[in-house]
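Work through these exercises with the sequence and the model side by side. Each task is followed by a stepwise solution.

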Amino acid sequence: SGKFQEAAKTYARMGEVNMAINLFVDLRQWEEAKVFAAGTDTVDSSELVRRQAEWAEDTNDWKKAAEMFLTAGEPLRACKIIARSKGRGWQEVMIDIVRNIPRSEVEVLEVCGTCYTSSDEDSYAKEVYLKLEDFSALMKMLVRRKNWEEATKLADEHEGKFDAKVFLPYAQWLAESDRFDEALTAFRKAGRPERSRLMMEELTNNAVKEG
């Protein structure tokens, strides 16, 4: 008869609160369902929030789905939805999660860092990797972008906290740019002193030939 409130109240009086809740869930009247869930100890309210989040995901409302999964205590699932949809303004929504979750949520932060890096959102990716203290991942990103100024600064500030081999392309670039003194230092930082020696031999041979 369409008298849903009366039906729900009757279910509740019969001790069948779950049937009242399911009635409103079927109607997607989430707030009404939560009202009945709050009045009983037999219903897990977080499960109700999760069902609402899944419905929002099914209807492609990525922002609402992410918000509800966060409320349900599932930040990883929220971030995966954001990363998959990349709807308008997703960068700000995701960084709010990054800034508000503890550093111990490593998997969540890694998902966010990977998403930002693959989307060329370097400033946000940097914020994630610094929170994780994952200097190796940050260095790799800077090297891929050929952001040598930041890479050098990071190497000086956090020496030994990343795989030095990622610095090798920088050393090679310096050598190809005839910046040999800097290249020698960079090869040493990259843990490849033999490359320094080979470069010096080549430079010496060239100087002898010119002479």
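**Exercise 1. Place Ser-196 in its helix, decide whether Ser-196 is buried or exposed, and list what Ser-196 touches.**

Solution. This is a predicted model, so every step is a reading of a prediction. Step one: locate the residue. Ser-196 belongs to helix H14, which spans residues 193-210. Step two: check the accessibility. The relative accessible area of Ser-196 is 6%. The cut-off for buried is under 20%. Ser-196 is therefore buried. Step three: find the contacts, leaving out residues up to four places away in sequence. Ser-196 then touches Leu-184, Phe-187 and Arg-188.

**Exercise 2. Describe the overall make-up of the chain.**

Solution. Step one: count the elements. There are 14 helices and zero strands. The pattern along the sequence is accordingly written with α alone: α-α-α-α-α-α-α-α-α-α-α-α-α-α. Step two: look at burial. The chain has 211 residues, and 38% of them count as buried. Step three: look at the surface. The accessible surface is about 12600 Å², with 47% belonging to carbon and sulfur atoms. Step four: look at sequence separation. Take the contacts between residues at least 6 apart in sequence; 36% of these join residues at least 24 apart.

**Exercise 3. Compare the reach of H8 with the expected value, then name its buried residues and their packing partners.**

Solution. Step one: take the span. H8 covers residues 106-118, 13 residues in total. From first C-alpha to last, H8 reaches 18 Å, close to the 18 Å expected at 1.5 Å a residue. Step two: list the buried positions. They are Val-108, Leu-109, Cys-112, Gly-113, Cys-115, Tyr-116 and Thr-117. Residues three or four places apart in an α-helix point the same way, because there are 3.6 residues a turn. Step three: find the partners. The buried residues of H8 pack against H6 (75-85), H7 (90-100), H9 (122-132) and H10.

**Exercise 4. Classify the crossing of H6 and H8, and describe their contact.**

Solution. Step one: take the geometry. The two axes, of H6 and H8, come within 9 Å and cross at roughly 10 degrees. Step two: apply the cut-off. Angles under 35 degrees count as roughly parallel. H6 is therefore roughly parallel to H8. Step three: name the residues. H6 contributes Pro-75, Leu-76, Cys-79, Lys-80 and Ala-83, while H8 contributes Glu-107, Val-108, Val-111, Cys-112 and Cys-115. Step four: sort by class. The contact of H6 with H8 has eight nonpolar, no polar and two charged residues.

**Exercise 5. Examine the positive phi values at Lys-86 and Glu-133.**

Solution. Step one: recall the background. Most residues other than glycine have a negative phi. Step two: take Lys-86. Its phi is positive, about 50 degrees, although Lys-86 is not a glycine. Lys-86 sits in the loop between H6 and H7. With 35% relative accessibility, Lys-86 counts as partly exposed. Step three: take Glu-133. Glu-133 is not a glycine either, yet has a positive phi of about 60 degrees. Its loop joins H9 and H10. Glu-133 is partly exposed at 46% relative accessible area. Step four: add Asp-120. Asp-120 follows H8 and has a positive phi near 60 degrees.

**Exercise 6. Place Leu-138 and find its neighbours.**

Solution. Step one: locate Leu-138 in helix H10, residues 135-144. Step two: at 1% relative accessibility, Leu-138 counts as buried. Step three: beyond four places in sequence, Leu-138 touches Lys-126, Tyr-129, Leu-130 and Leu-154.

Notes:
Residues are numbered from 1 along each chain as its sequence is written. This is a predicted model: local features need pLDDT of at least 70, side-chain atom pairs count only at pLDDT 80 or more; totals for chains, interfaces and linings use all residues. Side-chain values use heavy atoms; hydrogens and water are left out. Helices (H or I, at least four residues) and strands (E, at least two) are DSSP runs, numbered from the N terminus. Buried means under 20% relative accessible area, exposed over 50%, partly exposed in between (1.4 Å probe, protein chains only). Contact means heavy atoms within 4.5 Å. Accessible areas come from the Shrake-Rupley method with a 1.4 Å probe; for residues, only the protein chains shown count as cover. The expected span of a helix is 1.5 Å times one less than its number of residues. Axes are lines fitted to C-alpha atoms, for helices over the stretch in contact, and angles run from 0 to 180 degrees between N-to-C directions. Angles under 35 degrees count as roughly parallel, over 145 as roughly antiparallel, 65 to 115 as roughly perpendicular and the rest as oblique. Ala, Val, Leu, Ile, Met, Phe, Trp, Tyr, Cys and Pro count as nonpolar, Asp, Glu, Lys and Arg as charged, and the others, Gly among them, as polar.
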